[in-house]
Amino acid sequence: MPVPNVVCGECLNHHHGFDHVRAPYLYQSPVDTLVQKLKFSRALYVGKVMGTLLSNHISSMSRPMPEVLIPIPLHYWRLFRRGFNQAAEIAEVISQRLEIPVDTDCYVRTKNTLAQTGLSKTHRVRNLTDAFTRRRQKRYRHVALVDDVLTTGSTANALSKALRADGVKLIEVWCFARAEVAPQQ
């Protein structure tokens, strides 16, 4: 069941480097099973389903679309071990459906971080400090970061910090699912 348009408690209480999060589902059963199947069982067809559902959610909103989609980069070692970037798989489907280009080359994850799963918020932030580096300069003003799940926002914050330093004015996070949601106050 899709999540209503509400602001999560984390976003109400803390400033993030990004401006908006668009996530149609909560990270709970059966969504968590889909995400894990994509990431750890190489079920790439699940990424197509996620991308389709996320693009349907995004297209139902009346707002300006970003210039580009930037999938959250994986470190080259994790990409090598997994064989694909789940965020890029989702972004490609959104790109085709909404006709927004994907840029997988502008930033790289240069720090081989620990998996974020199971880390506390403090450790997630420390884990991602200086994790992303600009590979090539592109002058974007409005981007959407694409990922499978948003939990604390630490990964999106780390990449948003680098994007802001390069002059990006509007940063949205588009993800298939997000952690708990609290009503907007």
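# Questions on a predicted model

Q: Which residues of helix α3 are buried?
A: In this predicted model, local features need pLDDT of at least 70, side-chain atom pairs count only at pLDDT 80 or more, and totals for chains, interfaces and linings use all residues. Residues are numbered from 1 along each chain as its sequence is written, and side-chain values use heavy atoms, with hydrogens and water left out. Helices (H or I, at least four residues) and strands (E, at least two) are DSSP runs numbered from the N terminus, while buried means under 20% relative accessible area, exposed over 50% and partly exposed in between, with a 1.4 Å probe and protein chains only. On these terms, the buried residues of α3 are V46, G47, M50, G51, L54, S55, H57 and I58.

Q: What arc around the axis do the buried residues of α3 cover?
A: The arc is taken from the directions that run from the helix axis to the C-beta atoms. The buried residues lie on the same side of α3 because they cover an arc of only 165°.

Q: Which residues are exposed on the other side of α3, and what covers the buried ones?
A: Y45 and K48 are exposed on the other side of this helix. Taking contact as heavy atoms within 4.5 Å, what covers the buried residues of α3 includes β1 (20–22), α2 (31–41), α5 (86–98) and β7 (170–178).

Q: How far apart are the end C-alpha atoms of helix α3?
A: The expected span of a helix is 1.5 Å times one less than its number of residues. The 16 residues of α3 (residues 44–59) should therefore span 22 Å, and this agrees with the separation of its end C-alpha atoms, which is 23 Å.

Q: Which side chain makes a polar contact of 2.7 Å with that of E172?
A: E172 is found in strand β7 and counts as buried, because its relative accessibility is 1%. Apart from neighbours within four places in sequence, E172 is in contact with H20, R22, R63, P64, H142, V143, A144 and L145. A polar contact is a pair of N or O atoms within 3.5 Å; within protein, one must be able to donate a hydrogen and the other to accept it, and residues adjacent in sequence count only if both atoms are side-chain atoms. The side chain that joins E172 at 2.7 Å is that of H142.

Q: Which element gives the most residues to the largest nonpolar core?
A: A nonpolar core is a set of buried Ala, Val, Leu, Ile, Met, Phe, Trp, Tyr and Cys residues joined through side-chain atoms within 4.5 Å. Of the 23 residues in the largest one, I70, V143, L145, L159, L163 and V173 touch the most other members. At least two residues of this core come from each of β3 (68–71), β6 (142–150), α7 (154–165) and β7. With five residues, the element that gives the most is α7.

Q: How many disulfides are there?
A: A disulfide is a covalent bond between the sulfur atoms of two cysteines, and here the term is applied to a pair of cysteine sulfur atoms within 2.5 Å. C106 counts as buried at 2% relative accessibility, and C175 is buried at 0%. By the distance rule, the count of disulfides is zero.

Q: What distance separates the C-alpha atoms of R139 and G167?
A: R139 is found in the loop between β5 (132–134) and β6, and at 65% relative accessibility R139 counts as exposed. Not counting residues up to four places away in sequence, R139 touches E67 and D166. R139 and G167 are 28 residues apart along the chain, and their C-alpha atoms are separated by 7.4 Å.
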